[in-house]
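Good morning, everyone, and thank you for making room for a short talk. I would like to walk through one structure slowly, so please keep the picture in view while I speak.

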Amino acid sequence: MVTLVGMQANFEDAIKDLIELDYDAVEAYDAAINRLKNQEYKEKLNIFKADHEWHIQEFTNVLKKRNIQPPSGPSIGKQWLAKGKVVLADLIGDNVILRAMISNEIDTNAAYERMSLREDMWPETKDLIKRGLEDEKRHKKWLENTILEESTV
Ligand SMILES: [Fe+2]
Ligand SMILES: [Fe+2]
């Protein structure tokens with residue numbers, strides 16, 4: 001399922017779904033890191049995974065401060081990412097795995113982009129969403145550049 005994060009009717013629901021999306025991303029990164037052969041790629045993806053964990057932490061704190069129960073893990077049933085952990089677990093070949101992660105980062109970029117444009121945005125999330133979007137852009141760009149290098153070698 002293509003992610004719909006950012007299109008929810010109210011901002012609270014959108015933030016909750018964004019947290020779930022980041023949980024899905026962490027799981028997808030875990031699966032990808034397990035499958036990758038190249039050590040450099042593994043290390044890089046571990047850093048990106050940590051960014052997603054940081055996003056989860058920050059948005060969770062925002063909800064807690066407003067006395068709203070945050071999601072405690074990936075949603076059951078909803079699959080926010082195009083290539084979730086189940087798909088990743090079956091992939092073979094670094095190039096194939098990195099390509100799948102590009103699909104996922106296209107989803108995260110779209111979600112953060114939509115979140116950044118919402119007019120009902122809570123003021124305390126403005127900087128978090130902006131920095132989160134920058135992280136997601138950086139992840140996608142690195143994956144794209146690395147794929148390009150792989151295919152021209
Ligand atoms: Fe994120
Ligand atoms: Fe990302």
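Let me begin with a single residue, Asn67, which is found in the loop between helix α2 and helix α3, the latter covering residues 85-88. Please keep in mind throughout that what we are looking at is a predicted model. Is Asn67 buried or exposed? Asn67 counts as exposed, because there are 6 C-beta neighbours inside 10 Å, and the cut-off for that label is 12 or fewer. The backbone at this place also deserves a look, since phi of Asn67 is near 60°, which is a positive value in a residue other than glycine. As background for those new to this, most residues other than glycine have a negative phi.

From that loop I turn to helix α1, residues 11-35. Helix α1 has 25 residues and reaches 36 Å from its first C-alpha to its last, which is close to the 36 Å expected at 1.5 Å a residue. This helix is mostly covered, in that 18 of its 25 residues are buried. One residue placed in α1 is Asp24, and Asp24 is buried because 25 other C-beta atoms lie within 10 Å. If we leave aside the neighbours within four places in sequence, Asp24 is in contact with Pro74, Trp80, Leu81 and Gly84. By contrast, Arg118 is 94 residues away from Asp24 along the chain, and the C-alpha atoms of these two are separated by 22 Å.

Now to the packing of helices. Two packed helices are described by the angle between their axes and the distance between the axes. For α1 and α2, which covers residues 39-65, the axes come within 9 Å and cross at roughly 160°. That makes α1 roughly antiparallel to α2, because angles over 145 degrees are given that name. Helix α1 passes α2 in a left-handed crossing, and the contact between the two, sorted by class, has 15 nonpolar, four polar and five charged residues.

What angle do α1 and α4 pack at? The angle is about 165°, with the axes 11 Å apart, and α1 and α4 are therefore roughly antiparallel to each other. Here, too, α1 passes its partner α4 in a left-handed crossing. On the α1 side the contact is made by Ala14, Leu18, Leu21, Ala25, Ala28, Ala32 and Arg35, and on the α4 side by Ile97, Met101, Asn104, Thr108, Ala111 and Met115. By class, this contact has 10 nonpolar, two polar and one charged residues.

Helix α4 itself, residues 94-116, has 23 residues and reaches 32 Å from its first C-alpha to its last, close to the 33 Å expected at 1.5 Å a residue. Its buried residues include Ile97, Leu98, Ala100, Asn104, Asp107 and Tyr112.

Finally, let us look at the loop between α3 and α4, where both Ala89 and Leu91 are found. Ala89 is partly exposed, with 14 other C-beta atoms within 10 Å, and although Ala89 and Ile33 are 56 residues apart in sequence, they are 10.0 Å apart in space, C-alpha to C-alpha. Leu91 also counts as partly exposed, with 19 C-beta neighbours inside 10 Å. Residues up to four places away in sequence aside, Leu91 touches Arg35, Val96, Ile97 and Ala100. Lys141, 50 residues from Leu91 along the chain, is separated from Leu91 by 21 Å between C-alpha atoms.

How values were computed
Residues numbered from 1 in each chain as written. Chains lettered and ligands numbered in written order. Predicted model: local features only at pLDDT ≥ 70, side-chain atom pairs only at ≥ 80, totals over all residues. Axes fitted to C-alpha atoms, helices over the stretch in contact; angles between N-to-C directions. Helix = DSSP H or I, 4+ residues; strand = E, 2+ residues; numbered from the N terminus. Parallel < 35°, antiparallel > 145°, perpendicular 65-115°, else oblique. Left-handed = near helix turned anticlockwise from the far one by under 90°. Nonpolar A, V, L, I, M, F, W, Y, C, P; charged D, E, K, R; others polar. Expected span 1.5 Å × (residues − 1). Buried ≥ 20, exposed ≤ 12 C-beta atoms within 10 Å, placed from the backbone. Contact = placed C-beta atoms within 7 Å.
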